[in-house]
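Got your viewer open and your selection tool ready? Let's take a walk, one stop at a time.

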Amino acid sequence: MYFTAISFPMIDITSFETLDKAISLAGGEPTVLEALWDGNTTGWYLYLNLHVTIKRLFFSKKEIRYIGKISLGGDIRLFNKIVPPWPEAELAKEWGKMANEKYGLIFYFPSDKEPDSNCPRWEQRHWGIQCADCAKIIIPTDSPYLPKDICYNCYLTREFNNKIKNAEPNDNGVNLYMVKDEEYIYLGYSSSLDGFPIAPFITEIVQARREKRLVDIVTLEERDISIIKEKIEQALDQKVAVYKSAEFSPDFPQNFKRNIKRLTVEYKGNRYELIEQLCKEHSKIGSLVRALETVDNAISGDYCFNFYFKNGFNHRDDAVLRFVNFVSNGSTSISAIVQRYNGILNETEVRDTITKMEEVGCLTIEGEIVQTTDITRKLL
Ligand SMILES: [Zn+2]
């Protein structure tokens with residue numbers, strides 16, 4: 001008996017039929033199907049290996065065939081900091097079970113709940129240990145900074161839970177809306193006010209108007225916006241007066257050139273080509289042009305700006321609001337929240353958090369039912 005690994009082009013496994021076909025094309029008798037995580041710049045994916053035994057008259061040999069990958073792409077799931085079950089994992093589990101029933105093979109999927117590239121492969125599985133928190137088989141980390149008895153994902157979960165337990169401050173995040181009467185147009189989120197392109201022109205006035213309430217909503221009216229527009233134009237005038245086109249340095253790798261974005265903008269009747277990744281001054285002009293666009297849209301549509309800040313929130317407040325709003329679709333019972341944070345917060349701590357969030361207008365409580373409000377939806 002000996003091993004060889006034969007590589008085929010990675011095909012996308014998109015249904016049990018494609019998997020079934022890949023298994024039958026692999027040849028030999030399938031013994032183990034393994035699903036392992038790997039990541040690239042577009043996100044995590046699962047690759048599938050098939051272990052087969054090939055019998056000849058006088059000998060048999062084992063081979064491992066890479067038969068394809070399950071990849072749904074995109075990391076949109078991370079957006080709300082609430083990670084839903086990975087759909088790739090659900091598909092792999094379903095198809096692995098079907099392959100087991102059809103071929104009698106072992107389906108080996110060491111991390112079937114979330115991505116983890118530190119799990120042992122099938123042949124390495126005897127070197128692995130069980131994660132003390134989730135029981136997944138892992139190869140212990142060699143990092144001196146991480147605990148060895150748990151997987152990285154459980155380490156992150158412990159860290160996050162400690163922040164909730166210790167009620168560590170969490171005022172991160174500002175949301176910006178363009179508002180007219182009851183109409184709210186979402187313009188974006190930034191971890192702090194500085195992250196918005198219009199930040200240099202509004203920070204002073206916005207900070208001065210903050211009332212430092214738990215939920216702080218600052219409004220910039222039409223008059224404010226006109227003043228901001230003037231300031232942006234002054235800054236732009238200075239920048240375009242010294243505009244120079246950007247050139248690639250002679251040793252710039254040819255292959256990367258087509259990945260570099262060029263953008264042509266028009267300002268006061270003149271056109272400017274910007275290569276923002278290449279030139280700091282271009283990126284400043286680009287940022288000013290975007291700020292001006294935002295402001296022009298507000299002025300032409302009679303909108304004002306609303307900034308939503310948190311002020312004195314902690315990780316408990318944030319976690320409970322996200323649980324009610326995203327995981328429970330805006331409505332749940334107090335006991336469900338208590339159960340969710342079991343082992344992290346006691347019932348009194350959960351009730352205190354809910355009461356605090358009710359007082360600031362982020363939750364309503366009716367009997368045992370807790371609901372998020374419009375403010376929560378704008379704040380998170
Ligand atoms: Zn774990």
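Select K136 to begin: with 6% relative accessibility, K136 counts as buried, because the cut-off for that word is under 20%. Keep in mind as you click around that this is a predicted model.

Now add E114 to the selection. E114 and K136 form a salt bridge, and their closest N and O atoms are 2.6 Å apart. Trace the chain from one to the other: E114 lies in the loop between β5 (106-108) and β6 (129-130), while K136 lies in the loop between β6 and β7 (137-138), so the bridge ties together parts that are 22 residues apart in sequence. E114 counts as buried too, because its relative accessibility is 16%.

**Next stop: the zinc ion**

Stay with the loop between β6 and β7 and pick C131, then show the zinc ion. Which protein atoms are the donors of the zinc ion? They are the SG atoms of C131, C134, C151 and C154, lying 2.3 Å from the zinc ion. Turn the view around the metal and look at the angles: the four donor atoms subtend 100 to 118°, which makes the arrangement tetrahedral. If you read along the sequence instead, the donor residues follow the spacing C-x2-C-x16-C-x2-C. C131 sits in the loop between β6 and β7 and C154 in helix α3 (residues 152-165), so this pair ties together parts that are 23 residues apart in sequence. Colour by accessibility and you'll see that C131 is buried, at 3%, and that C154 is buried as well, at 10%.

**More salt bridges**

The salt bridge count comes to 30, so let's just sample a couple more. Select D318 and K310: their side chains meet in a salt bridge, 3.3 Å from N to O. Are these two buried or exposed? D318 is buried, with a relative accessible area of 4%, and K310 counts as buried at 5%. Elsewhere, try K61, E63 and R65, which are joined into one network by salt bridges that share partners.

For a contrast in setting, hop over to E266 and R271. These two form a salt bridge with their closest N and O atoms 3.4 Å apart. Here E266 counts as exposed at 53% relative accessibility, and R271 counts as exposed at 62%.

**Ring spotting**

Time to show the aromatic side chains. The aromatic pairs come to 12. Zoom in on F107 and F109: the ring centres are 5.7 Å apart and the planes meet at 55°, so the pair is tilted. F107 counts as partly exposed at 23% relative accessibility, whereas F109 counts as buried at 10%.

Then go to Y177 and Y186, another tilted pair, with 5.2 Å from centre to centre and 50° between the planes. Y177 counts as buried at 8%, but Y186 counts as partly exposed at 41%. Add Y184 and Y308 to your selection and you've got a cluster: ring pairs link Y177, Y184, Y186 and Y308.

**Last stop: out on the surface**

Switch on the surface and select L57, F58 and F59. Together they make a nonpolar surface patch of about 440 Å². Click on F58 in particular: you'll find it in the loop between β3 (43-55) and β4 (60-70). Is F58 buried or exposed? At 77% relative accessibility, F58 counts as exposed.

Notes. Residues are numbered from 1 along each chain as its sequence is written. This is a predicted model: local features need pLDDT of at least 70, side-chain atom pairs count only at pLDDT 80 or more; totals for chains, interfaces and linings use all residues. Side-chain values use heavy atoms; hydrogens and water are left out. Patches are made of residues with over 30% relative accessible area and no salt bridge: like charges are joined within 9 Å, nonpolar side chains (Val, Leu, Ile, Met, Phe, Trp, Tyr) within 5 Å. Accessible areas come from the Shrake-Rupley method with a 1.4 Å probe; for residues, only the protein chains shown count as cover. A salt bridge is a side-chain nitrogen of Lys or Arg within 4 Å of a carboxyl oxygen of Asp or Glu. Helices (H or I, at least four residues) and strands (E, at least two) are DSSP runs, numbered from the N terminus. Buried means under 20% relative accessible area, exposed over 50%, partly exposed in between (1.4 Å probe, protein chains only). Donors are N, O and S atoms within 2.8 Å of the metal (3.2 Å for Na, K and Ca); water is not among the atoms, so sites may look incomplete. Four donors count as tetrahedral if all angles lie between 85 and 135 degrees; four count as square planar and six as octahedral if opposite donors are over 155 degrees apart and all others between 65 and 115; anything else is irregular. Rings of Phe, Tyr and Trp (its six-membered ring) pair if their centres lie within 6.5 Å; planes under 30 degrees apart count as stacked, over 60 as edge-to-face and the rest as tilted.
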